[in-house]
Amino acid sequence: MKKLQTYKVTPSLPQELQALQTLANNFYWTWDADFQHLFRRLDRSLWEECDRNPAYLLGNIDQKRLSNRRQDEGYLSHLSRSRETLEKYLSKPTWFDKINSNHKAFTIAYFSMEYGLASALPIYSGGLGILAADHLKSSSDLGLPLVAVGLLYQEGYFHQYLSSDGWQQETYPESDFYNLPIQLVEKENTPVIISVEFPDREVFAQIWKARIGRIELYLLDTNIARNNDKDKNITDRLYGGDKELRIQQEILLGIGGMRALHALDISPTVCHMNEGHSAFLALERIRLIMSEYNLTFNEAKEAIRGGTVFTSHTPVQAGIDEFDPNLVEHYLASYYQSFNISKKEFLELGGVHLPQTEGKFNMAIFAINTTGQYNGVSRLHGEIARAMWNYLWPELPENEVPITHVTNGVHIQTWISEDLADLFHHYLGPKWFNQPLESQVWTRIQQIPDEELWRAHERQREQLVAFARKNLQKQLENSGASSNEVELAREVLDPKALTIGFGRRFAQYKRAYLLFKDLKRLEKLLNNPEHPVQLVFSGKAHPHDNVGKGIIKDIVNTIRHTDLRNKIVFLEDYDMRIASHMISGVDVWLNTPRRPREASGTSGMKAGANGVLNLSILDGWWDEAYNNNVGWAIGRGEVYQDHEEQDDIEAEALYDLLENSVIPIFYDRGRSDLPRRWIEMMKNSIQKVCPQYNTHRMVRDYFEQFYIQAEERWERLSDNQFQATKDLIAWKEKIQKNWNKIKVTSVTVEDREIKVGNSLQVRSKITIDGLKTDDISVEIYYGHLNAQGEIQNGKSLEMSPAETREKTIDYHAHVPCETTGQHGLLVRIRPKHPELTNPFEMGLVHWYNEQNS
């Protein structure tokens, strides 16, 4: 075999311009427009050609341009200002510094399958990755002690183009990692290599680092010489391949990711799984502390549970990764064998024994069983998740299933358009950029003159139209269209017309087709000479989703074969760059998911922050954000069993809103030609979305609700060689042993009719054996009764022990009667311990009824 000698060529920058390399190697430039202007000034054409990749720009720019810039005092001043900005940003006190005045040391490790930092680093497919990147950016702004872990895909997610008949095709161009703003992690000039055990072999990975402000993101790459050809391809593509490749990637992400952190001397006390892809990290955490502290499997699992957070973004079972148990055993048998547990015990962590999983190993169930805190990503998604996973806590009412929510957000500084940012700087001051959580700052939106806000928005629409025309010409040229068709693309869209945008993944439930249900009605809307309307669509279908591809094809052919060519544009290869143009340049952001399939959705937040008005089904984040002063709701949150009926009803509602509200308000102009009511709604949208639906609020929610509790619990349980963990496991074993000896022998309610405002006295006799009163909580679960005689959205009230006679204990409580109507109550017992991550962690609840009394 030929021996290949490798060497690296780096940019040659004059001394005066050396700081450019430092600026390029920190993704802070993705959210500071002044940094982007700095790079653009070097070579505007190359900046756009290289997809705004500063590392590539510096390595490939003509040296004459660099020589010219080294003598340009204006440019050197700009460079100096940017360098000082970054230095000040990295060194100034942060929100976390202020709240962590005692300098408590801990580290949060955030794991995600994808990150959407910039279109130049194509390791994301859509919303999950964009959300993960925004999480890191806000963590940096807030100063959280957080590191992140992911995979570095050689071909990333696919690039999309359409065939002559409108069918989606995929290409997978390779990324040149050495021309990206990332660095190979080395010790003593040697790459740091980690390994994970696969059947009959080890798989090796090197580590790359991306800097996102103060945050470091570590990315694993298996395309190295020590691996065989098949293993080199594990990090080839995001969401590519079969189930076996997927489990390999998830083992690498979770187990390999933890090993990468330890190889870099990083020992996280809190781990956050962004979706279930990384859930195998729990196995490595368990293995490490079992080995180091001689713990049992149950003790180690208990210890790491409290220090781990799981966020689900999936509102349907079909969207969750599931694996055949034989495949799981094939790859992970060595783990459960080293844990000294049976195959059955291990597989049951993934729910294979539950009828709902149909024998599959479910990654979300595995995550729930190995973490202490779990959440959905919007208020509605929290409700859906509690209903979806109720079978894991069969003794609980749905509203008490211990799954909460943290509504997603967006990194405002990244997604606000440059024109709007200039306005914000002028009228809101620097706090909008530095402290976007301050709601008082955003009230100043109302001070921006209507004329200035509208003109800024019109410039964004004009830029979108120019961008769409240019992209459409390229699409047509690449598809072999005639020169006449290419020339006609120069005239598509009207820079002054009401523009509706739809940009997202083309999955069937997102219903991109809804606006096309009645073509004659749509044509009438779009071709109105006095009140013209136009549409900009963009989005990809998953490579294996032929239904989604069919929807794209139908829309594209509708455009091609009707007189709507100049009114509708489909932009190929939806990515962050296209999204940025669309969410700031359209007037209306359309979202038509089939409720409740949208867990959150963040594109509408980005649009709303730019003053673009949302027109959406009440699903995901819009269900909690909507009011009629900031946008429009399609329907009232109905859920239909008949999907065809739903499509017909909601398409009709969509047309009605467009005809009777959206279009009239947009074109309601006075003598100044300003749509005053529309501008008022734009201001309301910005004022509502920016302080509430941003990732600063989201990350603070995670910190205050989850991270700090998880860190404190880890600290308590790991203290003194994990003695508190051992005590907790012994207590749980005692509970399990004696649980069936508990009995509720009687419940007495003093009055059957009581005046509102008074309280109802309730007494209960409890028999316990082998346990103490401190081991249990006796509770009243009470609330309004529905027509079926069931308690709706009940509340719980702990009863107090009174007189004790041998093993029988009297409990009592006073139930507040705050509202009138028919009410009901139940008495129950559950285990009680201060170190339980939630009251129902053990899944044990003893309800009083005739059979068990």
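Let me begin with a pair of helices in this predicted model, α11 and α12, which are oblique to each other because their axes, at roughly 120 degrees, fall outside the ranges that count as roughly parallel, roughly antiparallel or roughly perpendicular. Helix α11 covers residues 281-293 and helix α12 covers residues 297-306, and the two axes come within 9 Å. As for the hand of this arrangement, the crossing of α11 and α12 is right-handed. On the α11 side the contact is made by A282, R285, I286, I289 and M290, while α12 brings F297, A300, K301, A303 and I304 to it. If we sort those residues by class, eight are nonpolar and two are charged, and no polar residue takes part.

Helix α11 has another partner to consider, helix α13, which runs over residues 325-338 and packs with α11 at an angle of about 35 degrees, the axes being 11 Å apart. The crossing of α11 and α13 is left-handed, whereas that of α11 and α12, as I said, is right-handed. Here α11 contributes L283, E284, R287 and M290, and α13 answers with L332, Y335 and S338. By class, this contact holds four nonpolar residues, one polar residue and two charged ones. You may notice that M290 is named in the contact with α12 and is named again in the contact with α13.

Further along the chain, I would like to turn to helix α21, residues 450-478, and helix α29, residues 676-692, whose axes come within 10 Å and cross at roughly 80 degrees. How, then, do α21 and α29 lie to each other, roughly parallel or roughly perpendicular? They are roughly perpendicular, because a crossing of roughly 80 degrees falls in the range of 65 to 115 degrees that is given that name. From α21, the residues D450, E451, L453, W454 and H457 meet R676, W678, I679, M682 and K683 of α29. The classes in this contact come to five nonpolar, one polar and four charged residues.

Let me move from packing to empty space. A search of the whole structure finds three cavities of 30 Å³ or more, and about 50 Å³ of space lies in the largest of them. That largest cavity is lined by F310, S312, I368, Y374, N375, G376, A385, W389 and I403. Strand β15, residues 373-376, gives the most to this lining, with three residues. Taken by class, the lining has six nonpolar and three polar residues, and no charged residue is found in it.

Finally, there are a couple of backbone details that deserve a careful look in the model. As background, most residues other than glycine have a negative phi, and most peptide bonds are trans. Against that, D265, although it is not a glycine, has a positive phi of about 60 degrees. This residue, D265, sits in the loop between α10 (243-263) and β11 (270-274). The peptide bond from R595 to P596, for its part, is cis, with omega near 5 degrees, and P596 is placed in the loop between β20 (588-591) and α26 (603-609).

Note on methods: Residues numbered from 1 in each chain as written. Predicted model: local features only at pLDDT ≥ 70, side-chain atom pairs only at ≥ 80, totals over all residues. Heavy atoms only, no water. Axes fitted to C-alpha atoms, helices over the stretch in contact; angles between N-to-C directions. Helix = DSSP H or I, 4+ residues; strand = E, 2+ residues; numbered from the N terminus. Parallel < 35°, antiparallel > 145°, perpendicular 65-115°, else oblique. Left-handed = near helix turned anticlockwise from the far one by under 90°. Contact = heavy atoms within 4.5 Å. Nonpolar A, V, L, I, M, F, W, Y, C, P; charged D, E, K, R; others polar. 1 Å grid on protein atoms, 1.4 Å probe; cavity = no way out; pocket = protein on both sides within 12 Å on 5 of 7 lines; lining within 4 Å. Points joined across faces, edges and corners; volume = space filled by probe spheres on them.
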